[in-house]
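The following questions and answers walk through a predicted model. Each answer sets out its reasoning before it arrives at the value or name that was asked for.

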Amino acid sequence: MAMETGLIVHPYMRPERTARQTFDWCVQQAVAADKIGFDSIMLSEHASQRWENIPNPELIIAAAARQTENIKFAPMAHLLPHQHPAKLAIQVGWLSQILEGRYFLGVGAGAYPQSSYIHGIKNGEDTKFTNEMVRESLEIMEKIWKREPFFHEGRFWNAGYPEELHADDGDDQHKLADFSPWGGAPEIAVTGFSANSPSMRFAGERGFRPVSIFSGLEALKTHWETYREAAEANGHVADRARYHVSQTVFVADTDKEAKRQVMEGPIGYCFERYLIPIWWRFHMMDGFIKDAGADPADVDLEWVVDNVFCVGSPDTVVEKINRLFEATGGWGTLQVESHDYYDDPAPWFNSLELIAKEVAPRISLPTGVQA
Ligand SMILES: Cc1cc2nc3c(=O)[nH]c(=O)nc-3n(C[C@H](O)[C@H](O)[C@H](O)COP(=O)(O)O)c2cc1C
């Protein structure tokens, strides 16, 4: 089976963009990706970051749902420690009904302590703690989706589901609305990031869909191993076809043109000001340096473009992804990191078109590594 294509929209908009511009660009991309034939689009949730300025991915999903036909949507991720699980369970259930099968749910603990702080969590950098919140939140959400009576008095939240009272005389006032997810339960995806990822372990234990940010060969291998071991220990099949990995990918007709577009365009601008410093801070850069056997002093934008991104003509990008697949075992969906092409979308949409039509069909999981 050929690799599937997705977009992941954080959305890495220039800080001077208005909320309206950001919103419009996200919807416009969903519509374009759907027409081009992308399989999925994920939208981030952040309350604190100037460059990652979607606080409510569900609003974009709802708006874009009306203008698209086939593409699947996911918040990636709803940050479970930051909201009441009952409110979120009902919102997710309702939105998945509106999408009629084109929705899956991404959950995460939250990457940025400042965002946790806004939501009343002072120790947001303690990922063990925030992951415990994720577990309790999901436990409550799953009970609410079952629509059976319970009352949960928890460590972090209280929530319940009431008895439904029936009357035979046509009086509907006690009937409960059904906001359970489309098909009964949503497909759940979990984001993993750190080397010894608690989120990947959780995803494996529960048989959820694993989603990683590309942060070097070792990290990806460890993510998959962590996921696979936890999945198998709990009776689930670890299927690489369900694995999504997000990555910076840009394709143009020639290698030279692709590199020029990346260095001089929105991707380079964002990496210089925002993502290269973030990669150092979250130690992602260490993995890339190790993979390439490079000297940290040599790391700059051009080094990242040449050694970390998948940038080039369709042939070059196929070759780069195939090399990554051989080294790691591969993944079922390439989740392309979106950038701010609001002022001039043409090169970006051309790149998405080439990825969907000339790159993805030529890439499939290496044989013998499905598990
Ligand atoms: C694909 C992907 C998307 C993510 N999206 C978000 C997001 O929208 N908001 C956020 O605060 N963190 C996001 N994160 C980070 C997660 O919230 C969380 O910090 C991380 O997955 C924890 O991983 P770990 O258990 O491996 O340490 C994302 C991570 C990945 C891999």
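Q: Over how many bridges do β9 and strand β10 pair?
A: In the predicted model, strand β10 spans residues 244–247 and pairs with β9 in the parallel sense. One of the positions that tie the two strands together is Ile 213, whose bridge partner in β10 is Ser 246. The number of bridges over which β9 and β10 pair is 3.

Q: Which strands are the edge strands of the open sheet?
A: The open sheet is formed by 9 strands with parallel pairing, in the order β3-β2-β1-β13-β10-β9-β8-β5-β4. An edge strand pairs on one side only, and this is the case for the strands at residues 72–75 and 78–79. The edge strands are therefore, taking the sheet order and the pairing on one side together, β3 and β4.

Q: At about what angle to β9 does helix α7 run?
A: Helix α7, which covers residues 217–233, lies across three strands, namely β8, β9 and β10. In the order of the sheet, these strands appear as β10-β9-β8. Relative to β9, helix α7 runs at about 165 degrees.

Q: Which strand gives the most residues to the shell around the ligand?
A: The ligand is surrounded by 25 residues, and the closest are Ser 44, Gly 108, Thr 191, Ser 197 and Ser 199. By class, this shell has 11 nonpolar, 13 polar and 1 charged residues. At least two residues of the shell come from each of β8 (188–192), α6 (198–206) and β9 (209–213). With 3 residues, the element that gives the most is β9.

Q: Are helices α1 and α2 parallel or oblique to each other?
A: The axes of α1 (residues 19–36) and α2 (residues 57–65) come within 9 Å and cross at roughly 50 degrees. Phe 23, Cys 26, Val 27, Ala 30 and Val 31 of α1 make the contact with Ile 60, Ala 63 and Ala 64 of α2, and by class this contact has 8 nonpolar, no polar and no charged residues. An angle under 35 degrees would count as roughly parallel and one from 65 to 115 as roughly perpendicular, so the orientation of α1 and α2 is oblique.

Q: Are helices α2 and α3 roughly parallel or roughly antiparallel to each other?
A: The helices α2 and α3 pack with their axes 10 Å apart, at an angle of about 15 degrees. Glu 58, Ile 61, Ala 62 and Ala 65 in α2 meet Gln 91, Leu 95, Ile 98 and Leu 99 in α3, a contact that by class has 6 nonpolar, 1 polar and 1 charged residues. Because angles under 35 degrees count as roughly parallel, α2 and α3 are described as roughly parallel.

Q: Which residue does a cis peptide bond join to Met 76?
A: The bond in question has an omega of about 15 degrees. The residue joined to Met 76 lies in the loop between β3 and β4, and this residue is Ala 77.

Q: In which loop is Pro 11 found?
A: The peptide bond from His 10 to Pro 11 is cis, with omega near 0 degrees. Strand β1 covers residues 4–9, and Pro 11 is found in the loop between β1 and α1.

Q: What value is phi of Glu 100 near?
A: Glu 100 is found in the loop between α3 (85–99) and β5 (105–108). Its phi is positive although the residue is not glycine, with a value near 45 degrees.

Key
Residues are numbered from 1 along each chain as its sequence is written. This is a predicted model: local features need pLDDT of at least 70, side-chain atom pairs count only at pLDDT 80 or more; totals for chains, interfaces and linings use all residues. Axes are lines fitted to C-alpha atoms, for helices over the stretch in contact, and angles run from 0 to 180 degrees between N-to-C directions. Helices (H or I, at least four residues) and strands (E, at least two) are DSSP runs, numbered from the N terminus. Angles under 35 degrees count as roughly parallel, over 145 as roughly antiparallel, 65 to 115 as roughly perpendicular and the rest as oblique. Two residues are in contact if their C-beta atoms, placed from the backbone, lie within 7 Å. Ala, Val, Leu, Ile, Met, Phe, Trp, Tyr, Cys and Pro count as nonpolar, Asp, Glu, Lys and Arg as charged, and the others, Gly among them, as polar. A residue is near a molecule or strand if its C-beta atom, placed from the backbone, lies within 6 Å of it.
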